[in-house]
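Grab your viewer and work through these exercises on rings and greasy surface. Each task comes with a solution to check yourself against.

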Amino acid sequence: MKLNIFIRLVIDLSMTVLMLVAMAYQITGNTIHEVVGVILFFLFISHNILNRRWYKMIYKGKHNVRRILSIAVNLLFLVSMAVVMISSVPISRDIFGFIPINNDMVLLQIHVMTSYWGFIFMSVHIGMSWGTIFNAVRNMTGIMGTSHTSTIVLRIIAVLIVVYGVQTSFERDMLSKLTIYNPFGWSYDESSMGFLTDHLAIMGIYISGTHYVLKFIRKQDKAMAYKSR
């Protein structure tokens with residue numbers, strides 16, 4: 001595997017893990033939350049520097065459905081993360097606690113809401129690159145082929161994850177967290193493992209959904225191209 005691809009995978013995996021840690025605010029506490037946020041900021045900058053060529057290619061080439069969706073999701077992810085990071089500075093209590101600000105409740109609500117939107121866009125972003133990620137992992141592990149049975153098993157697991165993720169989304173009132181409605185009225189009496197399991201399942205909804213929707217779009221494009229011959 002090329003070193004550049006390996007570095008990108010490490011950075012992307014680190015960002016995903018740290019994003020989950022940052023969202024577990026009630027478990028980790030404020031200081032760890034802010035330290036993780038700073039690390040995420042530098043990883044996010046590194047991620048965009050490594051993928052700077054993508055920005056140069058936005059207006060070039062053919063813009064089919066898949067590419068339009070990719071551009072929209074990536075830009076929304078960029079904006080949401082930028083808002084999260086900008087809003088985090090004035091509401092900081094430890095690292096940037098020296099910055100005085102009055103009535104920071106609105107900023108806190110914006111910070112919470114955009115962090116959950118960023119979590120969703122990150123999951124969709126991973127789903128759009130799932131094929132590339134999967135192939136890179138296979139190359140790293142030396143597993144070059146998949147059997148029909150393993151494919152069926154993986155799809156069954158994906159369905160189970162999505163079902164559990166949908167149930168968890170309702171139990172955790174994700175809609176409220178995405179709309180600033182009562183953003184601080186939830187109960188956080190839970191274990192770290194429970195938090196991780198639930199949020200990975202919620203990620204699974206968007207990763208699996210995006211991956212299979214794009215597969216369907218590709219099949220439709222191939223069918224149309226075949227008919228037009």
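**Exercise 1.** In this predicted model, find which helices each supply at least two residues of the nonpolar patch.

*Solution.* Start with the members: W130, F134, V153, L154, I157 and I161 make a nonpolar surface patch of about 490 Å². Now lay the helices over that list: α7 (130–141) and α8 (148–171) each supply at least two of the patch residues. The top contributor is α8, with 4 residues.

**Exercise 2.** Take L154 and work out whether this residue is buried, partly exposed or exposed.

*Solution.* First place the residue: L154 sits in helix α8. Its relative accessible area is 45%. Partly exposed covers the range between 20% and 50%, so L154 is partly exposed.

**Exercise 3.** Count the aromatic pairs, then classify the geometry of F41 with F42 and of W54 with Y55.

*Solution.* The tally is 4 aromatic pairs. For F41 and F42, the ring centres are 5.3 Å apart and the planes meet at 75 degrees, so call this pair edge-to-face. Check how open the two rings are: F41 is partly exposed at 35% relative accessible area, while F42 is exposed at 52%.

On to W54 and Y55: their ring centres lie 5.1 Å apart with planes at 85 degrees, so this pair is edge-to-face too. As for accessibility, W54 is partly exposed with a relative accessible area of 25%, and Y55 is partly exposed with 31%. The angle cut-off behind both calls is over 60 degrees for edge-to-face.

Note on methods: Residues numbered from 1 in each chain as written. Predicted model: local features only at pLDDT ≥ 70, side-chain atom pairs only at ≥ 80, totals over all residues. Heavy atoms only, no water. Phe/Tyr/Trp six-rings, centres within 6.5 Å; stacked < 30°, edge-to-face > 60°. Buried < 20%, exposed > 50% of the residue type's maximum accessible area, 1.4 Å probe, protein only. Patch = residues over 30% accessible without salt bridge, like charges linked within 9 Å, V, L, I, M, F, W, Y side chains within 5 Å. Areas by Shrake-Rupley, 256 points an atom, 1.4 Å probe, with all protein chains shown as cover. Salt bridge = Lys/Arg side-chain N within 4 Å of Asp/Glu carboxyl O.
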